[in-house]
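Opened the file today to see how the nonpolar residues group and how the strands are laid out. My notes follow.

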Amino acid sequence: MKKTIKGNVTDQNGLPIAGANVVVKGTTKGVQTDVDGSFVITVPDNATKLIVTYIGMEDQEVAIGSSPIKVILKEVGQKLEEIVIGYGKAKKKDLTGSVASVGKDNLNLGGTVSNVGQALQGRASGVQVQQNSYAPGTTPSIIIRGGNSITTSNAPLYVVDGFITSTGASISPNDIESIQILKDAASTAIYGSRGGNGVIMITTKKGKSGKMQIEGEISDGFQNIIQEPSLLNGQQYASIQNAIAAENGRPPVFPASFPIANTNWFEAATRPGEVLNRTLTFSGSDKTSKFFLSGNYLKQTGAIENTDFTRYTVRIGAEKKFSDKVTVGTNVYGAASEGHNSDFGDNILAPLFSIQTAPPSIPIYNADGSYYKFQGKDNALALLLEPTDHTINRLVNGNMFLDYEIIKGLTYHFGAGAEWQENIQGKYTPRTLVAGAALNGTGSEENKTYFRWSTEQYLTYKFNIKDQHSFTAMIGTSNQKDTYERMKAQGSGFANDILTYYNLESAAVYLRPETQKTETKLTSYFGRLGYSFDDKYLASFTIRRDGSSRFGPNNKYGTFPSGAVAWRISKEAFMQNLEALSELKLRVSYGITGNDGIPDYLYLANLAPWNVTISDGSFVGGNEPKNLSNPDLKWEQQSQANIGLDMGFFNDRLTATIDVYKKRTTDALLNVPVGGWWGFSTQTLNSGTVDNKGIELGISSENFKNDKFYWRTSLNLAYNKQEVISLADNVKIISYNTSNPSGTVSGREFTRLEPGKEMGVLYGFKYAGVIKTGEVYAPQPLSKPGDPKYEDLNGDGKITADDRTYLGNSTPHFIVGFNNDFRFGNFDVNVFFQGALDYSVYNMTRMVGESSTSTDALNRWVAGTNENTDIPRDGYYKSTYGSYVNSRFVEDASYLRLKNLSIGYSIPESILKPTKFIDNIRLYAIGQNLLTITKYSGNDPEINGHTASATAQNLGGGIDFNSFPASRTFILGIKIAIH
């Protein structure tokens, strides 16, 4: 007897899948679905199950019940069972190294999220993402398992769809299908001299199954600054300044005849920010092809006046399977962006410094509408609004690949890619500012271009011996060349300010032009051998040999090996009775990697301009060496050991991963003092040693799951402790200074590095309060009542630089992410917390405010009136003793933040079905940075003002000074899918 079964096959979005195979289990009898995803199949009366398959989708086994049968297929990799690794793919259960996987559904998306770092923050254990500035368009820093280098970059390597790119951190998160973070050396050694800081592998979206699908998404939002400073009004400020002047025997700053204004400069300089995001995608696939096209428009108007960021992106991805043996694919990405007023660094030239310190007792404008100037200084708002600081970035990259199966199990892969990037920055200072008026306007334009091409080819052979021994062998080679060019033109003395920097040829005075070009080449050979015995005992070994033009002739080549083994304990016979345990795997790995992120030609004696005017007054241009050569210069080397345990319970509804690691960096690059007879004070040498060790925990749980309600939770927690083991023989400490806190005060040491400590440890005096009336404090014999007082730590009876001490670490020891997803009916909710613990920040903004315009100044020491206070009468700059770098302004910056709260509602299918072309409509609201739990008194505990260079980030982090303020973001959006 036979019976007829009808059914329908769709994807998870309800789109019909045409051409899916429907086969009776245990037979070869089957049919294919039609254009509507429908099928009709005649089956034997005793048949119980059907097998439904489709390319790019997970196979599904369904029971034969009452007709019609509804089958929903999931995309392959949706649960990230197969993930991308270096030069290949692997099933997650077969991994022997430490790899964190984050799918598109677990990324931070929407609102101001415009890059990979923001999308990843808090989503993977051991990955520290720090939003150093909230200026529109800024990219956060990412450090994996602690910083390795003292003077070079600690940023990871980015690989997007197999192409090693220098711009991977900034791609649109809306295009990402999944991200894999390779953390241990066994995973990253395949990338050799570039794998030491970890590897972030990004797979972009490809075509979805079935008919062509079009998705459009529109979202709009606004931003409010989280915490605004508490500022003095005009009369309060004038009174305090006059009182200080009187105490110091000076005339009043604001005499009785001065018309006191009441200006809130911060309010004048800020506004509600705005965020606009538009995305349109086209995708589709059939049995042999996949196609994806996306376009995105992002516009962010900053919460500070005259700041904005606009970006347009386009991505195309396509794959075609020409036969069972040949597959080709390509990916092309283009982006164009521009922004205004990008300088919000930790210096007194940044516009926020003037806004913070401008007297509220003076007006913004004169009666005629011109800017008011006080004591010959620039108007604070003019410094923000009048200069031109315009940045333009253009990027195009693309790659293609060919996979050819030569014989069964043996595949040849060829890939090639290229990337071009242009950065333009134009600046102009007009006559409305003091500096511009003195020179009749100054302008400059700087143009930087980067070009990279690369090729790779490798053979992969997969074979089995009997049923128990599985081998995967890979061997390959790659080549890469980078070219960098820079040109800068500048001038002053313009007829007017109308054309700003677009009119440099009309300058009366041409300033010295600047040009530069560098080239870097890398040639590599690599291989990997993977082995599995009975799916229980796993091993993987890799090796790579790199040759780089960045290093000296004595160390052009380096070799980077790794090995890892794993034991799937849950596969052992003695574990089979433990029904609750679905996975238990022990991993052990060790490997060696490198970091080649140093300037080009550093091993050579580079030439720099040296111009001289000779006795007859003529000007002669020339060159001189600017550094001492080092033919032995090589990459920094990282060796890392890792032990991990992967666990799954209740058919993997609850999973957990624990990793413990120790990582040592040797041959760290340092500028080491040398004898002056060389003509230079330092030479770049490989000499430092840095350790990082830590533990990581990741937990994921499907707490509740049925047709009406779904709840999933994930938690990741990581601890990392860094220690510098050694520096160079003649380098005992490395110091890093603050920038100038005012125009008359120089920067002071605020972090110090020495063996036994970690990088970025804050260093200064211990603050002991204010000297009271009648108090005699022997270590500060010249101090007056109301002056700051510091602890005599070494007990020698006087306050000197030797009384400074370590005040706290500026790098978090713990990072945490906690996520909950809920679905009930047509509603979905996401609640995501992210945090960093056990670290401190030097709040230099608070220090400057206390001595100028902050309401803290109302509590300053005043003889006989207000002596029970810790705030000195006239700040910290004028004291003979101590420094403004002291423990009073070192604050605990640990925080836990409600990073994202989103609520969505999907229109019921019953309402959309009559349209026959609308597949889904989702309405949503998102709140970002809604709540921050912290003891930190500043605007944002996450801030890091020193970002100008790798050394600044590594040694000078943990300072809050003139940083762009953090904001809360509120978003409303709609997403529509049609076919």
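**Around F254**

I started at F254 in this predicted model and listed its contacts. Leaving out residues up to four places away in sequence, F254 touches Y237, A238, Q241, N242, I260, P359, S361, I362 and F374.

Next I checked for a second core, apart from the one F254 sits in. There is another, of 25 residues, and Y767, Y790, M844 and Y881 are among them.

**The largest core**

Back to the largest nonpolar core, which has 29 residues. Which of them touch the most other members? I got F254, F258, W265, I355, I362, F374 and L381. I then looked up the helices behind this core: α3 (234-247), α4 (265-269), α5 (351-357) and α6 (380-385) each supply at least two residues. Of these, α3 gives the most, with four residues. Nonpolar side chains tend to be buried together in soluble globular proteins, so I wasn't surprised to find groupings of this kind.

**The sheet**

Then I moved on to the strands. Four of them make an open sheet, and I read the order as β3-β2-β5-β6, with antiparallel pairing. Which strands are at the edges? They are β3 (30-32) and β6 (60-63), each pairing on one side only. I also noted the twist, which averages 25° from one strand to the next.

Last, I looked at how β5 meets β6. Strand β5 covers residues 49-53, and four bridges join it to β6, the two running antiparallel. I picked out V52 and looked for its bridge partner in β6, which turned out to be Q60.

Key:
Residues numbered from 1 in each chain as written. Predicted model: local features only at pLDDT ≥ 70, side-chain atom pairs only at ≥ 80, totals over all residues. Heavy atoms only, no water. Core = buried A, V, L, I, M, F, W, Y, C linked by side-chain atoms within 4.5 Å. Buried < 20%, exposed > 50% of the residue type's maximum accessible area, 1.4 Å probe, protein only. Contact = heavy atoms within 4.5 Å. Pairing = 2+ DSSP bridges. Axes fitted to C-alpha atoms, helices over the stretch in contact; angles between N-to-C directions.
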